[in-house]
Amino acid sequence: MSLPALLFDTLRLPVIAAPMFIVSGPELVIAQCQAGIVGSFPSLNARPQSQLDEWLAQITESRAAWTLANPGRPAAPFAVNQIVHKSNDRLEADLATCAKWRVPIVITSLGAREDLNVAVHQWGGVVLHDIINDRFARKAIEKGADGLIAVAAGAGGHAGTQSPFALVQEIRQWFDGPLALSGSIANGAAILAAQAMGADLAYIGSMFIATDESNAAEAYKDALVAGRAADIVYTNLFTGVHGNYLRRSIEAAGLDPDNLPKSDPTRMDFGSGGSTATKAWRDIWGSGQGIGAVSARRSVRGEVDRLEREYLSAQERLTRTLARDGT
């Protein structure tokens, strides 16, 4: 599999931290990069638009300072998520700001555009496009994306319904480039399992909501630690696109999680203008089904330390199993 050196050489673990609306800010991204995984945030989190320039300056300078002070543990690269859907009236301005700072990785969502991919390539960046099925994956690569993020069943926020096994198997029949897998990955064994299935990287979001550096409300962090897979509700009510949300937050908003109406998908709203979708992510909390693995609130460093211990332990178990079976 062809994996750009950018995504491999400085990583402590094969992990990209997913961009989370409202939750991900520069402090979280910097902590993730310093811990040795790719940090990311949605450009729409920076409000007003001019703040994006400030955030990218802060992240770029902090990464450089860390790497200078820790040459043996350089900071991992970072990514900015761009919503390509027509409702995002900031896309062109945000892309220009990313070009100014030569953002190393751009994650595109809800639409694939060839001109955007060309623009990112012109400054030397890599484009990863998130998809929920094989059809969308093929379109993204045809339009020039460098790699894919397979968003399988159980992922937090906007998510698909397909099994990770089915999704990765179909993609790997024709695509040998960079592939990240998302969907309930919250411990080290799951990272190794993603690689065993054929993915290069694990794409992890929900577990970082409860970290010290995230912008999530205190009640949101506590609810995530207390939650289990059964506490996740899949609905398209809040943005027009199906996603996974914490049951407790839906109940707190006075709604019945088991009897939610369906939204009109033609009226999608992703919060670019600070409207209903913004309130949804602020008050109706996104989360994936993997939160049962999150037992406490920790720093990003603490969580990545945990993932590394579990990942190495899973590798050792697999080695013993293969030796026992004579493989």
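These are my notebook entries on a sheet, a helix and the aromatic pairs of a predicted model.

**Entry 1: the sheet**

I began with the strand order. The model holds an open sheet of 8 strands, which pair in parallel in the order β1-β9-β8-β6-β5-β4-β3-β2. I noted β1 and β2 (39-42) as the edge strands, since each pairs on one side only. From one strand to the next, the twist averages 25°.

I then looked up one pairing within the sheet. Strand β4 (residues 105-109) and strand β5 (residues 126-131) run parallel and are joined by 4 bridges. For Val106, I found the bridge partner in β5 to be Val127. As a general point, strands of a sheet pair through backbone hydrogen bonds, either parallel or antiparallel.

**Entry 2: helix α7**

Which residues of helix α7 are buried? In this helix, residues 188-197, I listed Gly188, Ile191, Leu192 and Ala194. Viewed down the axis of α7, these buried residues fall within an arc of 155°, so they line one face of the helix.

I next asked what the buried residues of α7 pack against. Their partners are the strands β1 (15-17), β8 (179-182) and β9 (201-204), together with α11 (300-325).

I also inspected both ends of the helix. At the N-terminal end of α7, Asn187 acts as the cap, with a side-chain oxygen 3.3 Å from the backbone nitrogen of Ala189. Just after α7, I recorded a positive phi of about 125° at Gly198.

**Entry 3: aromatic pairs**

I searched the whole structure for aromatic pairs, and the count is 4. One of them is formed by Trp174 and Phe175, a tilted pair at 5.6 Å centre to centre with 45° between the planes. Trp174 counts as partly exposed at 27% relative accessibility, whereas Phe175 is buried, with a relative accessible area of 10%.

I turned next to Tyr220 and Trp285. Their ring centres are 4.9 Å apart and their planes lie at 10°, so I entered the pair as stacked; the cut-off for stacking is planes under 30 degrees apart. Where do the two residues lie? Tyr220 is in helix α8 (residues 218-226) and Trp285 is in the loop between α10 (276-283) and α11, so the pair ties together parts that are 65 residues apart in sequence.

Finally, I checked whether these two residues are buried or exposed. Tyr220 counts as buried at 6% relative accessibility, and Trp285 counts as buried at 12%.

Conventions. Residues are numbered from 1 along each chain as its sequence is written. This is a predicted model: local features need pLDDT of at least 70, side-chain atom pairs count only at pLDDT 80 or more; totals for chains, interfaces and linings use all residues. Side-chain values use heavy atoms; hydrogens and water are left out. Buried means under 20% relative accessible area, exposed over 50%, partly exposed in between (1.4 Å probe, protein chains only). The arc is that of the directions from the helix axis to the C-beta atoms. Contact means heavy atoms within 4.5 Å. A polar contact is a pair of N or O atoms within 3.5 Å; within protein, one must be able to donate a hydrogen and the other to accept it, and residues adjacent in sequence count only if both atoms are side-chain atoms. Two strands pair if DSSP finds at least two bridges between them. Axes are lines fitted to C-alpha atoms, for helices over the stretch in contact, and angles run from 0 to 180 degrees between N-to-C directions. Rings of Phe, Tyr and Trp (its six-membered ring) pair if their centres lie within 6.5 Å; planes under 30 degrees apart count as stacked, over 60 as edge-to-face and the rest as tilted.
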